[in-house]
Amino acid sequence: MTIERESLRWNGWGPISQENMLPDDAPQWTWMREALGMSHLPDTKAKPLEAITMAPCRLSDDTIARLSAIVGGAQVKTDNYERAFHARGKSYHDLLYLRAGKLDLAPDAVVYPRDIDEVLDVINLASEEDITLIPYGGGSSVVGGVNATAKSLGGNVITLDTTLMTRVIQIDKIAMTATVEAGIYGPALEEALQRHGVTLAHYPQSFQYSTLGGWIAARGAGQQSNRYGKAEKWLVSVKAATPRGIWVTESTPASAAGPNLNQLLAGSEGTLGVICEATIKIHEVPGRKDYRGYLFKDFSSGVEAARRINHADIPVAMVRLSDAQETYFFQAFSSTSSTTSVKARLQRAYLRFRGFEDEPCLMLIGHEGDNDTVAWAQSRSEHICTSLGAMKLGTSAGNRWYHGRFGSPYSRDPMMDHGIGIDTLETSTRWSNIESLREKTVKAIEEAIAANLPEPGGRGIVMAHVSHSYPDGASLYFTYVFPRQLDREVEQWQAIKRAASDVLLENKGTISHHHGVGLDHAPWLAEEKGAIGYELLKSIKAEMDPVGVMNPGKLLG
């Protein structure tokens with residue numbers, strides 16, 4: 001089962017039929033305008049596709065005929081909608097171009113192969129004719145990972161969409177692995193697995209509109225990766241089509257036969273080939289899920305609780321700690337009606353009485369598994385939290401987050417309709433560096449926003465949370481909201497991105513914990529990997545893709 005492209009927004013998130021989460025009369029708009037210091041909210045609606053003149057397909061009739069012979073004429077798309085849909089990913093930076101109708105990067109054609117042999121034939125054609133080939137799954141990249149960027153100025157581009165490759169090939173309940181084609185979307189994958197009582201349980205925020213192959217290609221993380229692992233942890237083996245042929249990686253549980261080559265394809269971002277099948281680790285569907293909230297008096301106490309939970313080997317599915325700014329933002333964002341504002345005032349009065357008036361920070365903890373394990377783990381986690389002064393909020397806060405956990409991206413489009421920018425970035429670092437890195441990154445983003453505002457009195461909102469944690473450290477996920485400089489909005493974004501990225505690497509953070517590298521983070525990869533490591537990656541790319549047609553510019557710049 002796949003998703004018809006025509007049902008999705010080519011220049012935004014989700015289905016065309018999606019209800020607007022923030023209609024023009026929503027009370028949140030007044031609060032946001034005041035919080036951002038904006039004199040008014042401009043009308044910045046996206047340009048419709050029918051008002052955009054796109055460059056024609058530049059592929060020759062012979063190339064189109066060769067592609068049609070491989071995948072069938074119906075699976076070679078050159079219409080404006082398909083080309084616009086596959087022009088870029090879903091980052092804020094991408095949407096600035098898409099919403100403005102700037103489709104210079106649109107591919108010349110989109111092909112939909114149905115199996116690995118067809119993928120290999122398309123790769124061989126692209127190599128023979130020196131045509132850029134962009135592997136594309138759900139297209140949810142937020143780092144420029146699927147942008148239809150040609151290898152040379154004016155060069156032809158084909159996007160290879162994998163979403164017709166959706167078979168569940170095998171479920172092995174003895175070894176607890178499944179082999180699945182890589183173009184399957186998250187919901188279809190879970191539906192197929194759970195019919196057999198098993199789950200991958202990989203739930204990124206993009207879950208509804210991202211694919212198995214994309215998760216692997218970007219070394220993605222799910223919201224419950226504390227328990228189930230990031231993509232590189234649950235990946236067993238890959239079958240990929242490359243310019244050098246079909247590559248099948250090792251699949252044994254463990255091996256000392258040199259480096260594990262699965263780790264070259266996990267995070268390769270389509271630069272070495274196209275991931276067509278993957279064998280993955282699966283689990284029994286958990287019998288119980290328990291998500292609860294805790295309120296800490298400050299961020300430091302919450303970080304210490306997360307560290308202790310990890311060091312105690314408690315089998316948590318998720319530990320998510322919002323800083324004070326994020327805790328306040330989401331409370332205020334949902335408390336703008338007269339009824340909820342009264343409730344919010346009562347809550348604030350109670351918090352002051354309990355000593356939480358300064359910078360309370362919300363932690364959400366999730367446990368999944370059988371009833372006894374969840375009960376034991378929940379009790380141990382709660383003991384650690386309360387011993388550090390946390391207030392128990394019960395399951396209501398956890399359940400509210402759980403049932404709305406895929407909803408945040410839907411608020412970005414209406415914000416962009418009203419002159420408001422919103423973007424995210426993430427990193428990871430050691431426990432001893434978490435608080436320092438958060439403070440320095442927040443400061444860098446705040447200063448960059450302040451230096452790039454459209455009017456006096458404007459300001460940004462910068463917030464962060466610990467999203468994933470490990471025995472030795474954790475991921476920090478930053479969200480920033482700001483008034484857009486409509487006459488130089490790309491330059492504004494670039495200034496903020498540069499400032500934040502420089503600070504991350506200068507202060508012992510990674511350039512990305514789970515979003516990947518793509519085009520946006522490529523300028524910082526050499527510094528993170530070091531000269532030897534970076535040259536090694538370039539050598540592997542040259543060996544696997546000698547003509548250089550596979551997703552050029554991504555990862556290695």
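1. Let me start at Q223. Setting aside residues up to four places away in sequence, Q223 touches Y203, P204, Q205, A317, M318, W401, R405, F406 and H468. This is a predicted model, so read every value here as computed from predicted coordinates. As for where Q223 sits, look in the loop between α7 (212-217) and α8 (225-228). Buried or exposed, then, for Q223? Its relative accessibility comes out at 11%, and because the cut-off for buried is under 20%, Q223 counts as buried. One of its contacts deserves a closer look: the side chain of Q223 reaches the backbone oxygen of R405 at 3.3 Å.

2. Next, R292, which has its place in strand β12 (residues 288-296). With neighbours within four places in sequence left aside, R292 is in contact with M363, L364, I365, Q378, E382, G394, T395 and G398. What does the side chain of R292 make a polar contact with? That would be the side chain of D290, at 2.7 Å. If you want a backbone distance for the same residue, the C-alpha atoms of R292 and V319 are separated by 10.0 Å, with the two positions 27 residues apart along the chain.

3. On to the salt bridges, of which the structure holds 26. Have a look at R430 and D472, whose side chains meet at 2.4 Å, N to O. This pair links distant parts of the chain: R430 belongs to strand β16 (residues 420-430), D472 to the loop between β17 (461-469) and β18 (473-483), and they are 42 residues apart. D472 counts as partly exposed, at 43% relative accessibility.

4. R114 and E118 form another salt bridge, with the closest N and O atoms 3.5 Å apart. How do the two partners fare for accessibility? R114 has a relative accessible area of 40%, so it is partly exposed. E118 has 12%, so it is buried.

5. Helix α19 (residues 525-544) holds a salt bridge partnership too: E535 and K538 both lie in this helix, three residues apart, or about one turn. The closest N and O atoms of the E535 and K538 salt bridge are 3.7 Å apart. Both ends are partly exposed, E535 at 42% relative accessibility and K538 at 37%. Elsewhere, salt bridges that share partners join R66, E128 and E129 into one network.

6. Helix α4 (residues 92-99) is one to colour by accessibility. Why is it described as largely enclosed by the rest of the structure? Because seven of its eight residues are buried. Those buried residues are Y92, H93, D94, L95, L96, L98 and R99. They pack against α3 (80-85), α16 (412-416), β16, β18 and α18 (489-506). Strand β16 is also where R430 from point 3 lies. Just after α4, G101 takes a positive phi of about 80 degrees.

7. Two backbone angles are worth checking by eye. Most residues other than glycine have a negative phi. M176, however, has a phi near 55 degrees, a positive value in a residue other than glycine. You will find M176 in the loop between β5 (168-172) and β6 (177-181). L555 is not a glycine either, and its phi is positive at about 65 degrees. This residue lies in the segment after α19. L555 is buried, with a relative accessible area of 12%.

8. Last, the empty space inside. Rolling a probe the size of a water molecule over the atoms shows where such space is left. How many cavities of 30 Å³ or more does the structure hold? There are three. The largest cavity has a volume of about 80 Å³. Its lining is made up of R5, L8, R9, G12, W13, G14, F85, K90, G138, Y185 and Y209. By class, the lining of the largest cavity divides into five nonpolar, three polar and three charged residues. F85 in that lining also falls within the range of α3 (80-85), a helix that the buried residues of α4 pack against.

Key. Residues are numbered from 1 along each chain as its sequence is written. This is a predicted model: local features need pLDDT of at least 70, side-chain atom pairs count only at pLDDT 80 or more; totals for chains, interfaces and linings use all residues. Side-chain values use heavy atoms; hydrogens and water are left out. On a 1 Å grid over the protein atoms alone, a cavity is a set of points where a 1.4 Å probe fits but cannot get out, and a pocket is an open set with protein on both sides within 12 Å along at least five of seven lines; lining residues have an atom within 4 Å of a point. Grid points are joined across faces, edges and corners, and a volume is the space filled by probe spheres set on the points. Ala, Val, Leu, Ile, Met, Phe, Trp, Tyr, Cys and Pro count as nonpolar, Asp, Glu, Lys and Arg as charged, and the others, Gly among them, as polar. Helices (H or I, at least four residues) and strands (E, at least two) are DSSP runs, numbered from the N terminus. Contact means heavy atoms within 4.5 Å. A polar contact is a pair of N or O atoms within 3.5 Å; within protein, one must be able to donate a hydrogen and the other to accept it, and residues adjacent in sequence count only if both atoms are side-chain atoms. Buried means under 20% relative accessible area, exposed over 50%, partly exposed in between (1.4 Å probe, protein chains only). A salt bridge is a side-chain nitrogen of Lys or Arg within 4 Å of a carboxyl oxygen of Asp or Glu.
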